[in-house]
Amino acid sequence: MTFDPVAISKFLDGMVHMSAVGDRLSMLRHRSFLMAHLGFGLLALCAFPVWLATAGPTSLAEALTFAWLVAPMAVALYLSHSGNLDAAHLLSAAVFTGLIVWTAGLTGGVHSLALVWLALVPVEASLSGARRVTAGAMAIAVAGLVALAFGTGNAFFPGLGGLGISTAANMAIVLGAIFYAGGLALRVDFLARVSAEAARQGEERYRLLADNATDMITRHGANGDVEFASPASRALIGLCTADLLGDGLFRRVHVGDRPAYLNALSQAYAARRAVTAGFRLQRRTDSAAAMQFVDVEMRCRPVVAEDGAVSAVVAVTRDITALKEHGDELRAARELAERASHAKTQFLAHMSHELRTPLNAIIGFSEILESDTISKLQLDRRLEYAKLIHTSGEHLLEVVNGILDMSKIESGMFDIQPEKLPLGPIVAGCCDMMSGQASTRGVVVVRSIPATLPDISVDLRACRQILLNLLSNAIKFTDKGGTVHVGARVDGKFVAIFVRDTGIGIAAEDIPRLGTPFVQAETVYSRYYEGTGLGLSMVKGLAGLHGGRMAIESRPGKGTTATVWLPIEPMIAAEPVKVADEILGRVDEKERKSA
């Protein structure tokens, strides 16, 4: 029969109880116990036929001695079945002690050299790795020695020297003890090396995770001090691990966030549960005067020891700056969507009023002209109805044209052809065109354009539209007897054209909303003046297409000044003017300030 170590190893692995398979060190302890006890028992079984062949029939004492020698096999089977290593070691100590005491009783009692083996009983028990098992084995060995001392004089054993022990036999006993002790020493050394290797591999494994994790890992004591910090601290806050030990991490937490930081660690200790906290950590910068903070999230988890007590808290801290910025962007997008929805509602409210009024007039007077009663109406009344229909149609066309022009400006499709033009004739022509409206409302229009004013680079049609819209607004919101002043001045590379009136004025909180399409200072439900609210938004858009801008200054009851800057030399807007997008960020200015 050949000796196959692989087969033996597989056999021993198959006998290891399932409860020990998951832990490498525990499995090795079980294998070592099984191999030693099975091997010792098998050796005794193999020696028994040889004894019979050489010594002849055995006595009862000899038979009992061989039974003691085979007993370790039963202990090994018990361990394989139960998986209780501590109980198996105590049972083995009892069997071993019984064998030693029985052998000593047969070979000289308390004077037998076999008692040397009693010293090995607790040594073998120490292989269990449990102190209580080692102490129990010591107690069993002492109890065996006491039993031998009392049993020797009370006929518990056959007559001393019954086996005719010689000096050679005594030497064999001592040599056996030496070899057995050597075997135990080798087992102890093997398990020690395996334990050290397992600990080293485990430490390397966790060190590898800690060193290469992008999140900072820290271990905190009962008072919150840092006992260990992973190298990720350098990437997170620009500091080495030594700078964070003790209260180093606490001192770099933002003062306002320190309660949250300490509360998270305290709750992880007290409540024995995972706790998450967000705070700001100071990041080291090149400038000693500048303080830069990074938003982090710390997840704490208690470390529970075998006795059930919390030995430490392990925290994983990660940079959430990007996540927070993403959240801010989502909130901003949601607010923008809400403001867009509000602008849409505002648009529908204005347009329903502006379109319904002229359409109702057109439909109503058209029905009158179509009815049989038209023959009963006088000519002047019919002409009046036709004129009202024409006026309503013009107003409706003006609204539609304004919407179309505003749409072109928004999309960058409004085509302008800048050319060098004198400003004086343009202002004069626009004032003449608005003179009828001004006369009807009893408003005086004053012009003051310096003769030395340089030519401006503008599209003639767009420039006229700007001036007409500003003049129309100024005349409309100025009471009878008021004045509208049109002037201009050089302002750097621009000519600033202003239209100042002595009208009702605008409240300061309403000024940021002006220039928004379909928005007036008064709401659609309480305003006193008609209009779509497109005038100033078109002025703003047309000025932007030229590379200029618009500003409004006003005080309630003190009048309003609208100023437009147009370039002296040709300029092109950097990108299409998105008036609605820009104003959406300000349309709820009043609500945000109040919030």
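Biologist: Among contacts in the chain between residues at least 6 apart in sequence, what share joins residues at least 24 apart?
Modeller: First, a word on the source: this is a predicted model, in which local features need pLDDT of at least 70 and side-chain atom pairs count only at pLDDT 80 or more, while totals for chains, interfaces and linings use all residues. Residues are numbered from 1 along each chain as its sequence is written, and side-chain values use heavy atoms, leaving out hydrogens and water. A contact means heavy atoms within 4.5 Å. With pairs at least 6 apart in sequence as the basis, the share joining residues at least 24 apart is 65%.

Biologist: How much of the chain counts as buried?
Modeller: Buried means under 20% relative accessible area, exposed over 50%, and partly exposed in between, with a 1.4 Å probe and protein chains only. The chain has 595 residues, and the buried part is 38%.

Biologist: Which element gives the largest share of the largest nonpolar core?
Modeller: A nonpolar core is a set of buried Ala, Val, Leu, Ile, Met, Phe, Trp, Tyr and Cys residues joined through side-chain atoms within 4.5 Å. This one has 40 residues, and L423, L470, L471, V495, V564 and L566 touch the most other members. Among the elements that each supply at least two residues are α13 (423–433), α15 (460–476), β10 (494–501) and β12 (559–567); helices (H or I, at least four residues) and strands (E, at least two) are DSSP runs, numbered from the N terminus. The largest share, nine residues, comes from α15.

Biologist: Which residues does L423 contact, leaving aside neighbours within four places in sequence?
Modeller: L423 is one of the core members that touch the most others. Beyond its sequence neighbours, L423 is in contact with L453, I456, A488, V495 and I497.

Biologist: Which are the edge strands of the sheet β2-β1-β5-β4-β3?
Modeller: Two strands pair if DSSP finds at least two bridges between them. This open sheet has five strands with antiparallel pairing. An edge strand pairs on one side only, and that describes β2 (226–229) and β3 (275–283).

Biologist: What angle does helix α10 make with β4?
Modeller: Axes are lines fitted to C-alpha atoms, for helices over the stretch in contact, and angles run from 0 to 180 degrees between N-to-C directions. Helix α10 (258–271) packs on this sheet and touches β1, β3, β4 (292–304) and β5 (310–319). Its direction and that of β4 make about 10°.

Biologist: Which side chains of β1 are buried?
Modeller: Strand β1 covers residues 216–220, with three bridges to β2 and five to β5. Its side chains alternate: I217 and R219 point to one face and are not buried. The buried ones, pointing to the other face, are M216, T218 and H220.

Biologist: Which residue in the turn between β1 and β2 has a positive phi?
Modeller: The two strands form a hairpin with five residues between them. Across the pair, T218 has A229 as its bridge partner, and R219 stands opposite F228. The turn residue with a phi of about 90° is G224.

Biologist: Is the pairing of β7 with β9 parallel or antiparallel?
Modeller: These strands belong to a five-strand open sheet ordered β7-β9-β10-β12-β11, where the pairing is mixed. The edge strands are β7 (444–448) and β11. In β9, G487 is the bridge partner of S448. Five bridges join β7 to β9, and the two run parallel.
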